[in-house]
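Student: Please pick one part of this model and take me through it closely, then link it to what surrounds it. I would like the cut-offs stated as you go.

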Amino acid sequence: MKKLYLFVLINILISSIIAIRFFFVPGASFNLVGIAFSVFAVLGHFFSAYLLLLIVCTPLLWFKPLIRNIILAILFSFFQIGLYVDTIVFQQYRFHINQSVLSMVFSGQVVDFSVLTYFLMFVLIAVSFCAECFILYIVNNKLILPHKKSRIVLLSTVFLFSSFLISHVVHMIAFYYAYSPIMVVKEYIPLYRPFTSKKIMSFFDEKGQRKVVYSKDNSNASVDYPKNPLVINPQNNKLKNIMFIVLDSWRYDTFSEDISPNTFHFVKQNNGVIFNNHHSTGNATRTGIFGLFYGIPGTYWDSFLRNSIPSLFITTLQKENYNIGIFTSAKVTAPEFDRTAFVTIKNLRISSNDGSAASRDKQITDDWLAWYKRRDTSKPTFSFLFYDAPHAYDFPDSFPVKFKPIGDLNYMTLNNDTDPLPIFNRYKQSVYYDDSLLQNVYDELAKSNSLDDTILIITGDHAQEMNDNKLGFWGHNGNYTDAQTKVPFIIIDASELEHLKNNRSKMTSHEDVIPTLMKHYLYVKNDISDYSTGYDLFNPITNRNWLLMSNYSSYAVRTSENIYFVNRLGISHYMDLHNRETDETPNYQSIQEAMNHMRYFFQPGKNSLKDKNN
């Protein structure tokens with residue numbers, strides 16, 4: 001056992017040396033603190049990984065030495081080769097190897113391997129296997145473990161275990177205080193999941209004096225965003241008010257005259273453009289709102305959070321001296337939009353007072369009305385109202401019930417046989433309630449004579465499934481079908497929107513909002529690909545064949561016929577539009593294009609996206 005453990009320690013050292021390649025990709029930048037943390041993180045991570053491998057290999061001690069050594073050499077050489085190949089993948093894509101990447105590479109549609117490549121791979125396998133055999137030979141036959149050498153093994157173990165503890169504790173502190181030089185290290189180490197706990201940190205920070213450090217130069221950032229400095233409104237054009245109204249968990253089929261009559265009539269009266277095939281950038285709030293404010297895939301969330309990188313849309317509004325009002329029913333700190341999209345906004349409104357979602361929704365409406373009436377009318381205004389009642393299926397007890405029969409929501413009892421009608425009625429009632437609050441907003445826009453000078457976007461952050469696919473899915477964050485990602489999307493503007501109407505039946509995404517606003521309303525002269533992967537909705541969309549969506553730990557490439565889903569383990573599934581697996585072969589060209597979007601802002605120097613309508 002001691003010799004097997006010594007063999008493991010030697011492999012930890014080898015893996016740690018190979019892992020250095022992760023930190024030498026173009027654009028990587030670390031200060032001394034980040035470098036020091038990286039050492040502890042790498043050593044601690046591989047120590048824990050190899051301990052698991054040691055446990056798996058323990059039964060081999062009862063095998064004959066020759067068979068045991070061959071199996072060990074195969075296992076450990078496979079581990080080292082996999083790590084080395086992952087450094088190559090990471091240099092190319094800025095994310096780590098997984099089954100989805102392997103499927104794409106070996107599909108024959110994207111990459112053709114030369115004879116030389118196969119030969120080099122064979123050489124790598126042979127050399128690695130022989131190296132592991134040689135290490136086993138030395139450990140078993142040449143190394144004797146007297147007291148002093150046993151002491152070295154013990155000290156090495158203590159150091160590695162300490163590295164493991166130190167890295168996790170330090171990361172927990174760094175995450176709480178948004179210290180990006182440490183947080184960014186997570187991106188570079190495969191399968192690394194350092195510890196975070198706001199509850200533990202708040203115990204030591206009872207007064208809540210949590211500091212969020214925003215670095216304007218983002219010198220430690222691992223992203224190249226924007227690709228070029230923005231050229232904003234050089235002709236000094238007059239700027240319009242901009243307004244986002246977003247309902248959490250708003251299904252596309254509940255924007256109707258029956259369920260949301262005030263909004264429906266308001267849109268019709270003001271010639272709003274209703275998009276019929278619009279999807280969020282995710283099936284969860286984090287990635288849905290991220291895509292809406294950044295115009296890029298939600299897969300960038302972790303990197304932007306670790307680096308506290310704000311939305312360029314928000315910083316452009318600030319440079320143009322907009323009044324900015326952020327009114328969210330739920331806390332803006334969970335997900336951490338206070339450390340991403342809104343990190344540059346001083347005195348940010350964190351949340352409404354505690355209470356039910358319905359009462360908080362009423363509060364943001366009242367707060368917005370008060371703020372809007374006293375705003376500085378000499379400046380343009382941006383408003384963001386984010387309602388929460390549909391997410392909680394909530395409405396006041398005193399609010400008249402329109403949709404019957406109505407039932408209570410209990411996630412513990414939901415299953416594939418649950419009758420969705422009473423639950424769906426409760427959900428529709430919550431949308432109906434928020435719609436009643438929004439009439440106050442619409443009235444104020446008309447009363448203040450600001451409607452003609454405002455572009456208004458009404459949408460949801462994601463949808464909400466009622467077991468639509470008959471697979472037992474309720475709510476969101478479960479799959480990427482229409483039931484969880486297709487949302488209402490309406491644009492209202494007093495100006496001519498005929499060009500927008502060309503795209504109202506095309507596949508559109510939350511990624512398209514920011515490039516459209518930046519180009520046509522904030523007069524940013526840069527090519528859209530400098531700051532977004534979305535499309536300009538004023539240009540006819542002719543070549544979009546897929547949409548990229550994500551959540552906390554997975555992503556999907558959706559076409560008009562299928563969904564290519566990659567789960568948190570990197571394992572891919574090819575589904576139909578009702579989330580049932582299909583035997584068809586994915587179009588790996590489209591998947592590669594989606595992956596190019598996922599890595600585009602990780603690649604310094606690359607300043608364009610192919611096949612984009614800008």
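Tutor: What follows begins with one helix and its partners, and then moves on to charged pairs, a covered helix and some backbone details.

The model is predicted, so local features need pLDDT of at least 70 and side-chain atom pairs count only at pLDDT 80 or more, while totals for chains, interfaces and linings use all residues. Residues are numbered from 1 along each chain as its sequence is written, and side-chain values use heavy atoms, with hydrogens and water left out.

The part to look at is helix 15, residues 420-447, where helices (H or I, at least four residues) and strands (E, at least two) are DSSP runs numbered from the N terminus. Helix 9 (residues 261-269) packs with helix 15 at an angle of about 45 degrees, and their axes are 7 Å apart; the axes are lines fitted to C-alpha atoms, for helices over the stretch in contact, and angles run from 0 to 180 degrees between N-to-C directions. Helix 9 is therefore oblique to helix 15, given that angles under 35 degrees count as roughly parallel, over 145 as roughly antiparallel, 65 to 115 as roughly perpendicular and the rest as oblique. Helix 9 brings Pro 261, Asn 262, Thr 263 and Phe 266 to this contact, and helix 15 brings Tyr 432, Asp 435, Ser 436, Leu 438, Gln 439 and Tyr 442, contact being heavy atoms within 4.5 Å.

Helix 15 also takes part in a salt bridge (a side-chain nitrogen of Lys or Arg within 4 Å of a carboxyl oxygen of Asp or Glu), and by this rule the count comes to 15. Arg 426 pairs with Asp 408, and the closest N and O atoms are 3.2 Å apart. Because Asp 408 sits in the loop between helix 14 (389-392) and helix 15, while Arg 426 belongs to helix 15, the pair ties together parts 18 residues apart in sequence. Asp 408 is exposed at 67% relative accessibility, whereas Arg 426 is buried at 17%, where buried means under 20% relative accessible area, exposed over 50% and partly exposed in between (1.4 Å probe, protein chains only). The loop between helix 14 and helix 15 also holds Pro 405, and the peptide bond from Lys 404 to Pro 405 is cis, with omega near 0 degrees.

Other charged pairs can be read in the same manner. Asp 482 and Arg 558 form a salt bridge whose closest N and O atoms are 2.8 Å apart; since Asp 482 is in helix 16 (residues 482-485) and Arg 558 in strand 12 (residues 555-558), the pair ties together parts 76 residues apart in sequence. Asp 482 is partly exposed at 22%, and Arg 558 is buried at 5%. Arg 251 and Asp 253 likewise meet in a salt bridge (2.8 Å, N to O), with Arg 251 buried at 3% and Asp 253 partly exposed at 32%.

Helix 18 (residues 513-520) is mostly covered, with six of its eight residues buried. These buried residues pack against elements including strand 1 (241-247), helix 10 (285-294) and helix 12 (312-319).

The backbone has further details to check. Another cis peptide bond joins Ala 334 and Pro 335, with omega about 0 degrees. Ser 308, not a glycine, has a positive phi near 50 degrees; its place is in the loop between helix 11 (301-307) and helix 12, and Ser 308 is buried at 1% relative accessibility.
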